[in-house]
Every structure is written in structure tokens, then in C-alpha cells.
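Reader: I'm new to this one and a bit lost. Could you pick a single part, look at it closely, and tell me what sits around it?

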Amino acid sequence: MSTTALAPLTVHDAEALVTAAHRAAEAAGVTVSVTVLDAGGHLLAFRRDDRAVLISGETSTRKAYTALQLNAPTAELVDAVQPGGPFHTLPTALDRPLLFIAGGVPVRRDGRLIGAVGVGGGAPEQDHAFATAAVETLV
């Protein structure tokens, strides 16, 4: 049986994702922080706009981590943590808290998870749009 190796998310890819997300945010007049994690949850790239609030860096990282751990955009997971939802207790059950706010998007190559990007600093819907726009640029 032959297998084909999957190319991992590289630092070059991560920097391109950060740049694309920042450009999308700048075009909308929003200041953000962007975090890119590889499939193992390791930080590959990070950028916080000098005008962004300091907490946006932690927010972007937790959004990326949440999207990575659950292999889904955080915008699709918001209802899951409501009382009675399947992940109601999950945000506090882990060593590193998850953040169920739109703005975290998994990065896939050939249908397989290779990392995640998180954006923080704008409204959740804006952050999600900026992260999604960045992921769409990765070919």
C-alpha cells in the first residue's frame, strides 16, 4: 500500500495567512490580532496591530486553538456550549480553555486538518470573515 505524505502547514504558509487576515481587517477599518497554529497546536505566526486591544492576542490564540481541537469553525460551535448543548461543560474542562466565539477557522489541505487561524479584535462576525478570507487564500 502506498501513502502520500501530507504537506504540513509551514511558517511561510502561516505568515501568508496572517498577512491575508490583516489585509482583510485593514480593508474593513478594523484592528486585529491574528494567530496561526500548526496541527499540533504550536504557534507558527502571530501579529497584533499596535492599535488593537491587548486582549485580542489571547482571544485570537484561543479561537485558533478551539477551531483546531474541534476541527470546526468556532462560529459553528457557539450554540454547542449553551446549556443543554453537547459541549456545555467543555470550555472549562480542559487545561487550556476553549473560546466559542466566531473567529477561529481550521486550515485543511487535501481535506485533512493541518492547523488553524484565529482572529480577534473585531466583532465576532468580522473576525470570522477575516479568518475565512485568509484561509481561502492558501492554495
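**A close look at the sheet and its neighbours**

Author: Let's start in the middle of things: strand 1 and strand 4 run alongside each other in the antiparallel sense, paired over 6 bridges. Two strands count as paired if DSSP finds at least two bridges between them. The strands (E, at least two residues) and helices (H or I, at least four) are themselves DSSP runs, numbered from the N terminus. Keep in mind that this is a predicted model: local features need pLDDT of at least 70, side-chain atom pairs count only at pLDDT 80 or more, and totals for chains, interfaces and linings use all residues. Residue numbers start from 1 along each chain as its sequence is written, and side-chain values use heavy atoms, with hydrogens and water left out.

One of those bridges is easy to find: Ser33 has Gly120, in strand 4, as its bridge partner. Now zoom out a little. The sheet is an open one of 4 strands, in the order 2-1-4-3, with antiparallel pairing. That puts strand 2 and strand 3 at the edges, where each pairs on one side only. From one strand to the next, the twist averages 15 degrees.

Helix 1 packs on this sheet, touching strand 1, strand 2, strand 3 and strand 4, and its direction makes about 25 degrees with that of strand 2. Contact here means heavy atoms within 4.5 Å. For the angles, axes are lines fitted to C-alpha atoms (for helices, over the stretch in contact), and the values run from 0 to 180 degrees between N-to-C directions.

Helix 1 is also linked to both edge strands through side chains. Asp13 and Arg109 meet in a salt bridge, 3.1 Å from N to O. Asp13 sits in helix 1 (residues 11–27) and Arg109 in strand 3 (residues 104–109), so this pair ties together parts that are 96 residues apart in sequence. A salt bridge, by the way, is a side-chain nitrogen of Lys or Arg within 4 Å of a carboxyl oxygen of Asp or Glu. Asp13 and Arg109 are both buried, and Arg109 has a relative accessible area of 16%. Buried means under 20% relative accessible area, exposed means over 50%, and partly exposed is in between (1.4 Å probe, protein chains only).

The other link is a salt bridge between Glu26 and Arg47, at 3.9 Å from N to O. With Glu26 in helix 1 and Arg47 in strand 2 (residues 43–48), parts that are 21 residues apart in sequence are tied together, so here is a link to the other edge strand. Glu26 is partly exposed, with a relative accessible area of 44%, and Arg47 is partly exposed too, at 37%.

Helix 2 is the next neighbour. Its buried residues pack against strand 1 (33–38), strand 2, strand 3, strand 4 (112–120) and helix 4. Among those buried residues are Ser56, Gly57, Thr59, Lys63 and Leu68. Lys63 forms a salt bridge with Asp127, and their closest N and O atoms are 2.8 Å apart. This pair links distant parts of the chain, 64 residues apart: Lys63 in helix 2 (residues 55–70) and Asp127 in helix 4 (residues 124–137). Both Lys63 and Asp127 are buried. Altogether, the count comes to 4 salt bridges.

Just after helix 2, Asn71 takes a positive phi of about 50 degrees. A little further along is Thr74, in the loop between helix 2 and helix 3 (90–93). Thr74 counts as buried, at 0% relative accessibility. The side chain of Thr74 reaches the backbone nitrogen of Gly103 at 3.1 Å. Leaving out residues up to four places away in sequence, Thr74 touches several others, including Lys63, Thr66 and Ala67, as well as Ile101 and Gly104.

To put the sheet back in its setting, the protein has 4 helices and 4 strands. Along the sequence they follow the pattern α-β-β-α-α-β-β-α. Of the 139 residues in the protein, 45% are buried. And if you take the contacts with a separation of 6 or more, residues 24 or more positions apart account for 63% of them.

Methods: A polar contact is a pair of N or O atoms within 3.5 Å; within protein, one must be able to donate a hydrogen and the other to accept it, and residues adjacent in sequence count only if both atoms are side-chain atoms.
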